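Student: Hi! I have a protein open on my screen and would love some help finding my way around. Can we talk it through?

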Amino acid sequence: MTVKALSVASEVFPLVKTGGLADVAGALPAALKPHGVETVTLIPGYPAVMRELSRGEVVRTYTDVIGAPMRAIRGNARGIDVIALDAPALYARDGGPYADPAGRDWPDNWRRYAALGIAAADLARTQGFDIVHAHDWQGAMAPVYLRFSDGAKPKALVTIHNMAFPGRFEASIFPALKLPPAAYAIDGVEFYGGVGFLKGGLWAADAVTTVSPTYAEEILKPEFGMGFEGLIAARRKSVFGIVNGIDTAIWNPAADPALASIFDVETLELRAENRSAVETAFGLTGDGPIFCVVSRLTLQKGMDVLADVADALVETGGRLALLGSGDPALEAAFRTAALRHPGRIGVKIGYDEKLSHRMQGGADAILIPSRFEPCGLTQLCGLRYGCVPIAARTGGLADTIIDANAAALSAGVATGILFDGVATESLARAIRRAVEIFADAPAWRALQVQGMTADVSWSASAKAYAGLYARLIKG
Ligand code: ADP
Ligand code: GLC
């Protein structure tokens with residue numbers, strides 16, 4: 001039997017991407033196919049989506065979705081089966097999906113993503129879908145609108161990619177959502193005196209997943225639960241952790257057009273050419289291990305701690321190549337660090353997909369000192385590309401990296417370095433450990449080889465999602 005799934009996502013690679021959510025929404029449909037799941041992705045009709053849409057067929061026309069006319073157009077966009085929501089008043093804007101070109105959140109984001117939820121619930125019911133799989137707060141109103149609609153309903157699953165973004169708005173928007181008054185309640189969308197989109201979704205969904213088993217446990221604690229810990233505890237039997245994979249066709253060092261030299265585990269020496277390319281790109285000179293960073297520059301990612309440790313990194317003999325953007329103060333801190341250490345620290349502020357591949361293919365290690373990390377994808381790319389991950393032991397990082405402690409090293413199973421507690425001393429110590437192991441070339445090579453042979457694909461996790469879909473549909 002084929003299962004028909006409607007994936008509801010606010011970003012999907014390669015159409016629109018601000019982070020890992022896009023990678024997951026982009027890769028999961030193809031990975032689910034062998035398990036008998038046919039996915040259509042429902043996505044707002046941002047300019048980047050409408051431009052790429054081909055073979056479009058209008059499947060539904062709405063005169064008024066919270067004040068905006070909208071057409072649902074089914075088609076294909078860069079290989080993805082989509083239903084794009086053509087609603088120029090909501091989505092035809094310059095800038096990113098959530099913010100204007102100056103980086104300020106659109107003031108009507110609540111309207112834009114409530115509209116996504118309304119359309120999702122209607123399309124799920126009228127277009128023959130068996131299950132709605134909604135992602136993060138932007139998709140989370142889909143199960144809420146399903147809950148408050150009449151007639152037969154498909155099942156609904158919400159995946160939490162990041163609890164730090166609750167999609168909470170003023171209570172005054174509630175009437176415009178056109179939900180029954182009873183929905184403004186604990187059993188509904190009410191969240192700490194306002195309207196919580198993620199809250200509503202977590203309450204309404206038949207099941208909830210998050211993107212790693214460790215994060216699924218962590219969010220029961222106030223430090224990680226961001227105010228949702230009570231709700232998560234109440235729904236505990238329906239909350240599951242399924243770790244992300246990466247698209248191993250896009251992330252394949254043996255056939256990556258972005259690399260100066262392709263390589264695999266048998267030809268690791270060919271990596272040297274990519275390493276030189278990283279040195280050139282970041283103006284690095286001399287020798288010593290090259291640590292790289294590909295990240296949003298935020299507190300979640302521990303980038304403030306890394307900025308504090310930059311001098312120590314150089315003192316221990318390391319070099320740093322950083323690509324990222326985000327918090328202006330952190331951007332400035334890294335720019336200053338690069339000025340202090342010419343030839344040892346190179347920084348590029350911005351977003352560059354191709355360069356991120358080159359860095360994974362050429363740097364020696366990737367630093368991920370996250371305070372919390374629901375899953376994290378850059379460590380998976382690092383493992384696949386022989387770029388050894390050095391990461392905080394939290395969330396998906398803890399689930400996907402095997403620390404190079406003495407036992408793991410001697411058993412030949414280590415794939416990276418994990419450290420506890422994101423603080424300058426613990427990160428500096430992890431960097432020192434890396435520099436020491438790097439000096440022992442066979443030991444470092446063993447880490448790379450072990451990482452490159454780890455399974456970072458979607459295969460096991462797609463099977464887990466397909467199994468969960470089937471269980472929910474069966475009831
Ligand atoms: P998050 O979604 O929390 O930002 P993830 O590790 O799950 O973190 O996913 C981040 C994704 O975005 C990865 O695919 C990573 O390679 C990419 N990425 C992050 N910053 C940049 C950047 N400055 N340039 C290119 N790619 C980036
Ligand atoms: C979020 C999380 C990240 C996760 C990604 C994809 O952005 O911060 O840890 O990998 O979603 O699930």
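Tutor: Happy to! One definition to begin with: helices here are DSSP runs of type H or I with at least four residues, and they are numbered from the N terminus. Helix α5, for example, covers residues 136–139, and D136 is found in it. Keep in mind that this is a predicted model.

Student: OK, D136 then. What is its phi like?

Tutor: D136 has a positive phi of about 55°, although it is not a glycine. Most residues other than glycine have a negative phi.

Student: And is D136 buried or exposed?

Tutor: D136 counts as buried, because its relative accessibility is 8% and buried means under 20%.

Student: Which other residue has a positive phi without being glycine?

Tutor: K178 is one, with phi near 60°. You'll find K178 in the loop between β8 and β9. With a relative accessibility of 56%, K178 counts as exposed, since the cut-off for exposed is over 50%.

Student: What else sits in that loop between β8 and β9?

Tutor: V189 has its place there. At 0% relative accessibility, V189 counts as buried. V189 is also 10 residues from K199 in sequence, and their C-alpha atoms are 6.1 Å apart in space.

Student: How do β8 and β9 fit into a sheet?

Tutor: They belong to an open sheet of 3 strands in the order β8-β10-β9, with antiparallel pairing. The edge strands are β8 (168–169) and β9 (190–191), and each of them pairs on one side only. Between β9 and β10 (residues 194–196) there are 2 bridges. If you want to spot a pair, E190 has V195 in β10 as its bridge partner.

Student: Cool. Switching topic: what surrounds ligand 1?

Tutor: There are 19 residues around ligand 1, and G20, D23, R296, K301 and G350 come nearest. By type, the shell divides into 4 nonpolar, 8 polar and 7 charged residues.

Student: Which parts of the chain supply that shell?

Tutor: α1, β13 (290–297), β14 (319–326) and α14 (353–362) each supply at least two residues. The largest share is 3 residues, from β13. At the level of domains, domain 1 (3–245 + 459–474) and domain 2 (265–453) each give at least three residues to the shell.

Student: What polar contacts does ligand 1 have?

Tutor: Among them is one with K17, where an N or O atom of the side chain is 2.9 Å from an oxygen atom of the ligand. A polar backbone atom of G20 is 2.6 Å from a ligand 1 oxygen, and a polar backbone atom of L377 is 2.9 Å from one. On its own, ligand 1 has 570 Å² of accessible area, and the protein covers 92% of that.

Student: Now ligand 2. Where does it lie relative to the domains?

Tutor: Ligand 2 lies between domain 1 and domain 2, because both give residues to its shell. Of the 14 residues around it, H161, N244, E373, C375 and G376 come nearest. Helix α1 (residues 20–32) gives the largest share of that shell, 3 residues.

Student: How far are H161 and E373 from it, atom to atom?

Tutor: A polar side-chain atom of H161 lies 2.6 Å from an oxygen atom of ligand 2. For E373, a side-chain N or O atom is 2.5 Å from a ligand 2 oxygen. C375 uses its backbone instead: an N or O atom there lies 3.0 Å from an oxygen of ligand 2. Ligand 2 alone exposes 310 Å², of which the protein buries 92%.

Student: Last topic: why is β17 described as largely enclosed?

Tutor: Because 5 of the 5 residues of β17 (residues 388–392) are buried, the strand is largely enclosed by the rest of the structure. β17 runs parallel to β16 (residues 365–368), and 4 bridges join the two. Look for I366, which stands opposite P389 in β17.

Student: Where can I find a cis peptide bond?

Tutor: Go to F13 and P14, which are joined by one, with omega about 5°. P14 lies in the loop between β1 (3–8) and α1. Most peptide bonds are trans.

Methods:
Residues numbered from 1 in each chain as written. Chains lettered and ligands numbered in written order. Predicted model: local features only at pLDDT ≥ 70, side-chain atom pairs only at ≥ 80, totals over all residues. Heavy atoms only, no water. Near = heavy atom within 4 Å. Polar contact = N/O pair within 3.5 Å; in protein donor to acceptor, adjacent residues only side chain to side chain. Areas by Shrake-Rupley, 256 points an atom, 1.4 Å probe, with all protein chains shown as cover. Domains from an automatic or database assignment. Buried < 20%, exposed > 50% of the residue type's maximum accessible area, 1.4 Å probe, protein only. Pairing = 2+ DSSP bridges. Nonpolar A, V, L, I, M, F, W, Y, C, P; charged D, E, K, R; others polar.
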